[in-house]
Amino acid sequence: MDKKTIKNSKFEINYYEPIYTIGIASERLGVSVHTLRQYETEGLILSHKTNTRRRIYSEMELDKVRCIKKMIQEQGLNFEGIRQLMSLIPCWKIRTCCDNEDEECKSYTSRKTPCWSTKEKCKYPYPDCRDCEVYRGLISCDDLKKFLYKK
Ligand code: SF4
């Protein structure tokens, strides 16, 4: 696991460590619990699930939600549009795992859903997409641009 940490007023938090229940995450973000569940159902974010299937979020997911809110409120995108944009991320280039035109890889062929939310995943999936640099790298709208124009 990466060691990226952020300083809270009293202690350091691992940016990727799931620590917030859905109630606390919704309070911190100023969005409803329903909205957070919906973002996940729509394939835009993932959450860590406990043994009892409770959703837990990290600071990374909180930033992702902020970015999604911005795309909706400031750029007028809807879920479908955001999903399609995210599905264009060239993960094979970021991970340098397969050829540019690997038709066997679901990440390459999927045009409607981000790779982390497709059922079949990519050719070389991480056990948990939350640990993958492709999912982790997309925190802001600028990241999306960097990814899409990656040579
Ligand atoms: S491991 Fe998951 S997030 Fe990473 S490229 Fe594969 S499907 Fe996408």
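**Notebook: core, ligand shell and sheet**

I started at Ile68 and looked up its contacts: leaving out residues up to four places away in sequence, Ile68 touches Tyr39, Leu44 and Ile82. Note to self: this is a predicted model.

Next I checked the core. The largest nonpolar core holds 24 residues. Ile68 is on the list of residues with the most contacts inside this core, along with Tyr39, Cys91, Val134 and Tyr135. I then asked which elements give two or more residues to this core. I got five helices' worth of names: H2 (33-41), H3 (59-75), H4 (79-87), H5 (91-94) and H7 (133-137). H3 gives the most, with 3 residues.

Then the ligand. How many residues surround the ligand? I found 13, and the closest are Cys91, Cys115, Cys122, Cys129 and Cys132. So much for cysteines; Cys91 I had already written down among the core residues with the most contacts. By type, the shell around the ligand splits into 10 nonpolar, 1 polar and 2 charged residues.

Last, the sheet. I see an open sheet of 3 strands in the order S3-S5-S4, and the pairing is antiparallel. Why do S3 (20-21) and S4 (48-49) each have one side without a neighbour in the sheet? Both stand at the edges with a single partner strand each, so one side of each is left free of a neighbour there. I followed S3 to S5 (residues 55-57): the two pair in the antiparallel sense over 2 bridges. For Thr21, I noted Ile56 as the bridge partner in S5.

Notes. Residues are numbered from 1 along each chain as its sequence is written. This is a predicted model: local features need pLDDT of at least 70, side-chain atom pairs count only at pLDDT 80 or more; totals for chains, interfaces and linings use all residues. A nonpolar core is a set of buried Ala, Val, Leu, Ile, Met, Phe, Trp, Tyr and Cys residues joined through C-beta atoms within 7 Å. A residue is buried if 20 or more other C-beta atoms lie within 10 Å of its own, exposed if 12 or fewer, and partly exposed in between; C-beta atoms are placed from the backbone. Helices (H or I, at least four residues) and strands (E, at least two) are DSSP runs, numbered from the N terminus. Two residues are in contact if their C-beta atoms, placed from the backbone, lie within 7 Å. A residue is near a molecule or strand if its C-beta atom, placed from the backbone, lies within 6 Å of it. Ala, Val, Leu, Ile, Met, Phe, Trp, Tyr, Cys and Pro count as nonpolar, Asp, Glu, Lys and Arg as charged, and the others, Gly among them, as polar. Two strands pair if DSSP finds at least two bridges between them.
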